[in-house]
Amino acid sequence: MSQVNWNNYACRDYYDELMAAPGQPRDSAGELCNMLARFSAEELAERKTAAEIAIRTMGITFTVYSEGAMIDRAWPFDIVPRIIPASEWRKTEAGLKQRVQALNLFIDDLYHDQKVIKDKVLPAEVLAQSVNFRPQCVGINPPHGVWAHVCGSDLVRDGDGTLYVLEDNLRIPSGVSYMLENRNVTKRVLPELFASGKILPVDDYVAQLYDMLAAMSPRHGDDPQVVVLTPGIYNSAYFEHAYLAQQMGVELVQGSDLLVDDDDVVYMRTVEGLRRVDVIYRRVDDEFLDPEAFNPESMLGVAGLMRAWRAGKVALANAPGAGVADDKVVYAFVPALIRYYLDQEPLIPNVPSYLCMFEDDRRYVLDHLDELVVKPANESGGYGMLIGPRSTKETREEFARLIEANPRNYMAQPTLALSTTPTLANGLAQPRHVDLRPFILSGPEIHVTTGGLTRVALVEGSLVVNSSQGGGSKDTWIVETDDKAAAAAVKGV
């Protein structure tokens, strides 16, 4: 007997990415749902086991921190992909390009004339209390005026099907390697479905990343020396650092491998002597990047790197200081920033937000802590949040104290009915909540990944999708549909 019976799939409570109703796949998901329904329990188990073996064989891991220890774990992956019609994705892609263009103009403005402050589009106190504004970056002009070369914007869909931007990750966004490896695993597990050519490819990302980095080189016309700068093997994203360096065919380096000479040029130590470095894709946080400019005790960065960057002798991606826009309070102003810098209406809406720095908003948040999701302005990975409907009285009281003590550091949003997608749990296809992180590359041109990293809350009812807190991931298919496919009835479901 088939292990997947779509007639019994409980998708009534939330918008489901694959199923319009029990037994009724969405147009773009018909072929997948039909195939899964034909699998016997044994076949489904074999495909799942094949994915687990592939992940171990390919060495796809992530690092979690637990009680002071670092533990490498196999990447948690579900074989049922998330599907988005290409027609919808084209609109989403345009909205993401619009958003990152405005954010780069905003960052550049903050480190130069600060017109956005003078024109009262962004309150001065938001910038004054920003922990990620870097005075060391004032007046610097990065190549192409781009500060956030790689952006990961998290998208969520609410119960009525509306797609929102939940947050923008502009400092050192991670996850793209898992997006690419998810596709490689899925091709091994469900190869039949790729024969039609309707599933759009994702493997152009690495070439686009390299081309963007190479275009930043200060030595035009020469073959640029690009490196990936990692904090080292103990960083939670080290797998991704090594993966991207290997895929691009560039060196993976640590701070001790580089030096800045008296000519403000960055050099890499090699067995053949010093070799000039032109572009650094850095995966080290700002405060540890250069002990001369930031934390003097840092052993992860390169002394003099900011001097070299300011002198135009090396290019850095993402640029130091880009994190000023990676702030959940600044996030609330992005629609206004799009209107201000681009004179356009936002193509993708924000989730409605309350800023605790404003008295009326703060009073509302404190009165409705049991209903809202409260976030600190600069945390990531799902840490430091309050999910009101699932919180205890003691936790809400603690958050009330935190908000009163530092209102600028907190914002709140309604608890969204996040969309679901079928996920294998206990041998059955069950709905689990998901989000999506597409990646946007900004250089001479702007490129958006075809889909992105779908993260899934593997625990029933949970809204936390972060892998560090028990979440998993899925392949994301952007699928071309046609009238015939949309009209075809799905058999055997």
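Select Ser-130 to begin: at 14% relative accessibility this residue counts as buried, where buried means under 20% relative accessible area, exposed over 50% and partly exposed in between, with a 1.4 Å probe and protein chains only. Ser-130 sits in the loop between α5 (124-128) and β6, with helices (H or I, at least four residues) and strands (E, at least two) taken as DSSP runs numbered from the N terminus. If neighbours within four places in sequence are left aside, Ser-130 is in contact with Val-324, Asp-327 and Arg-408, contact meaning heavy atoms within 4.5 Å.

Before moving on, keep in mind that this is a predicted model, in which local features need pLDDT of at least 70 and side-chain atom pairs count only at pLDDT 80 or more, while totals for chains, interfaces and linings use all residues. Residues are numbered from 1 along each chain as its sequence is written, and side-chain values use heavy atoms, with hydrogens and water left out.

**The salt bridges**

Next, display the side chains of Arg-157 and Glu-88, which meet in a salt bridge at 2.9 Å, N to O; a salt bridge here is a side-chain nitrogen of Lys or Arg within 4 Å of a carboxyl oxygen of Asp or Glu. Because Arg-157 belongs to strand β6 (residues 150-157) and Glu-88 to helix α3, this pair ties together parts that are 69 residues apart in sequence. Arg-157 is buried, at 4% relative accessibility, whereas Glu-88, at 23%, is partly exposed.

Now go to Asp-435 and Arg-455, whose side chains meet in a salt bridge at 2.8 Å, N to O. Here too distant parts of the chain are linked, with Asp-435 in strand β20 (residues 428-437) and Arg-455 in strand β23 (residues 453-457), 20 residues apart. Both Asp-435 and Arg-455 are buried. Adding Glu-17 and Arg-82 to the earlier selection of Glu-88 and Arg-157 shows one network, joined by salt bridges that share partners.

For a pair within one helix, select Glu-398 and Arg-401, which form a salt bridge with the closest N and O atoms 2.8 Å apart. These two residues are three apart in helix α13 (residues 393-405) and are therefore separated by about one helical turn. Glu-398 is partly exposed, at 35% relative accessibility. Under the rule used here, the count comes to 27 salt bridges.

**The nonpolar cores**

Colour Phe-106 and Ile-280 next, since of the 78 residues in the largest nonpolar core these two touch the most other members. Such a core is a set of buried Ala, Val, Leu, Ile, Met, Phe, Trp, Tyr and Cys residues joined through side-chain atoms within 4.5 Å. Helix α3 (residues 86-110) supplies the largest share of this core, nine residues. Apart from it lies another core, of 61 residues, among them Trp-6, Met-212, Phe-239 and Phe-439.

**Helices α7 and α8**

Finally, select helix α7 (residues 205-214) and helix α8 (residues 238-248), whose axes come within 10 Å and cross at roughly 80°. Val-206, Leu-209, Tyr-210 and Leu-213 in α7 meet Leu-244, Gln-247 and Met-248 in α8. Axes are lines fitted to C-alpha atoms, for helices over the stretch in contact, and angles run from 0 to 180 degrees between N-to-C directions. End on Gln-247, which lies in helix α8 and is partly exposed, with a relative accessible area of 38%. Gln-247 and Ser-177 are 70 residues apart in sequence and 9.8 Å apart in space, C-alpha to C-alpha.
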